[in-house]
Amino acid sequence: MIVFRALTAADAAGVAHVERESFPTPWSREDFWREANSEFACYIVACEDDAVVGFAGCWISFEEAQVMNIALLRAHRGLGLGRRLMEEMMRAAAARGAERMTLEVRPSNAAALHLYERLGFSAVGVRKKYYQDNDEDAILMWHTKLREAYADAAPDAGECGS
Ligand SMILES: CC(C)(COP(=O)(O)OP(=O)(O)OC[C@H]1O[C@@H](n2cnc3c(N)ncnc32)[C@H](O)[C@@H]1OP(=O)(O)O)[C@@H](O)C(=O)NCCC(=O)NCCS
């Protein structure tokens, strides 16, 4: 069974493992340890039998949330878990007062693009040569009605961050 909960410092190694399986320039365990201890960060992990199989995280500054990343172990992709992870993170961010959420995505990442569009994000622009590993552009997306979409979000839901 998959369980969703807020990231803790003890998850840092598990999240870094997911990150290594997913990205060309992965964040380290220390990076995620810092994220777990940041009052601005809001991360959700997906766990199976106590092992981290995916995560989604954002930084919240006043009413705005900036998505840092989302990833799943390869074996857990394409099963609807990405959508559930994003929804858990969006609900937790709304509960902490975020009204809007923004993110960048590679035009070549069809699964992620489709996921964000399905969740109500709209493309508003392009950041030229944003990704340093291959100079790929980034599509900039916003969701501007987070609180409306997650009106059921109770304050402190997800026990994310501070
Ligand atoms: C991006 C990622 C988190 C998506 O999670 P996922 O669990 O695989 O996606 P889901 O199964 O929830 O699918 C979400 C939607 O995308 C669709 N989708 C999945 N793979 C797709 C593909 N290759 N092309 C187009 N659409 C795709 C699904 O059909 C679903 O659409 P639906 O809700 O209309 O049925 C996951 O694939 C991943 O970890 N990728 C590697 C890391 C990454 O690229 N992160 C994003 C950085 S911006």
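1. Start at Phe62. Phe62 touches Gly97 and Ala98, leaving aside residues up to four places away in sequence. This is a predicted model, so treat each point below as a reading of a prediction. Phe62 sits in the loop between S3 and S4. Is Phe62 buried or exposed? Phe62 is exposed, because its relative accessible area is 73%, and exposed means over 50%.

2. Stay with Phe62 for its backbone. The hairpin of S3 and S4 has two residues between the strands, and Phe62 takes a positive phi near 50 degrees there. Now look back along the chain to Phe40. Phe62 and Phe40 are 22 residues apart along the chain. Their C-alpha atoms are separated by 9.5 Å.

3. Next, the strands on either side of that loop. S3 covers residues 51-61, and S4 covers residues 64-72. How many bridges join S3 to S4? Eight bridges join them, and the two strands run antiparallel. One pair to find in the view is Trp59 with its bridge partner Gln66 in S4.

4. S4 also pairs with S5, which spans residues 100-105. Here the sense is parallel, over three bridges. The chain gets from S4 to S5 by way of H3, and this β-α-β crossover is right-handed. Two pairs mark the contact between the strands. Glu64 has Arg100 in S5 as its bridge partner. Ala65 has Met101 in S5 as its bridge partner.

5. S5 deserves a closer look. Five of its six residues are buried, and the strand is mostly covered. S5 is joined to S7 by five bridges, and these strands run antiparallel. Which residues of S7 stand opposite Met101 and Leu103? Met101 stands opposite His143. Leu103 stands opposite Met141.

6. S7 covers residues 138-143. S7 is largely enclosed by the rest of the structure, because five of its six residues are buried. S7 also pairs with S6, again antiparallel, through five bridges. S6 runs over residues 122-127. In this pairing, Ser122 has Trp142 in S7 as its bridge partner.

7. Now the core. The largest nonpolar core has 51 residues. Met86, Met101, Tyr116 and Phe121 have the most contacts inside it. Which helix gives the most to this core? Helix H3, residues 81-95, does so with nine residues.

8. Met101 ties several of these points together. Its bridge partners include Ala65, and it is among the residues with the most contacts inside the core. Beyond residues up to four places away in sequence, Met101 touches Cys58, Ala65, Val67, Met89, Met90, Ala93, Phe121, Met141, Trp142, His143 and Leu146. Select Met101 in the view, then bring up these neighbours one by one.

9. Then the open space. The largest pocket holds about 1,100 Å³. It is lined by 37 residues. Which residues are closest to its centre? They are Phe23, Asn69, Ile70, Asn109 and Tyr116. Tyr116 therefore appears in two lists, as it is also among the residues with the most contacts inside the largest nonpolar core, a set of buried residues.

10. Which elements build the lining of the pocket? Helix H1 (12-22), S4, H3, S5 and helix H4 (110-118) each supply at least two residues. S4 gives the most, with seven residues.

11. Two aspartates need a check of the backbone. Asp50 is not a glycine, yet its phi is positive, at about 70 degrees. Asp50 lies in the loop between S2 (41-48) and S3. Asp50 is exposed, because its relative accessible area is 76%, and the limit for exposed is over 50%.

12. Asp135 is the other one. Its phi is near 65 degrees, a positive value in a residue other than glycine. Asp135 lies in the loop between S6 and S7. Is Asp135 exposed or partly exposed? It counts as partly exposed, because its relative accessibility is 44%, and partly exposed lies between under 20% for buried and over 50% for exposed.

Terms used. Residues numbered from 1 in each chain as written. Predicted model: local features only at pLDDT ≥ 70, side-chain atom pairs only at ≥ 80, totals over all residues. Heavy atoms only, no water. Core = buried A, V, L, I, M, F, W, Y, C linked by side-chain atoms within 4.5 Å. Buried < 20%, exposed > 50% of the residue type's maximum accessible area, 1.4 Å probe, protein only. Helix = DSSP H or I, 4+ residues; strand = E, 2+ residues; numbered from the N terminus. Contact = heavy atoms within 4.5 Å. Pairing = 2+ DSSP bridges. Right-handed = clockwise from strand over helix to strand, strands pointing away. 1 Å grid on protein atoms, 1.4 Å probe; cavity = no way out; pocket = protein on both sides within 12 Å on 5 of 7 lines; lining within 4 Å. Points joined across faces, edges and corners; volume = space filled by probe spheres on them.
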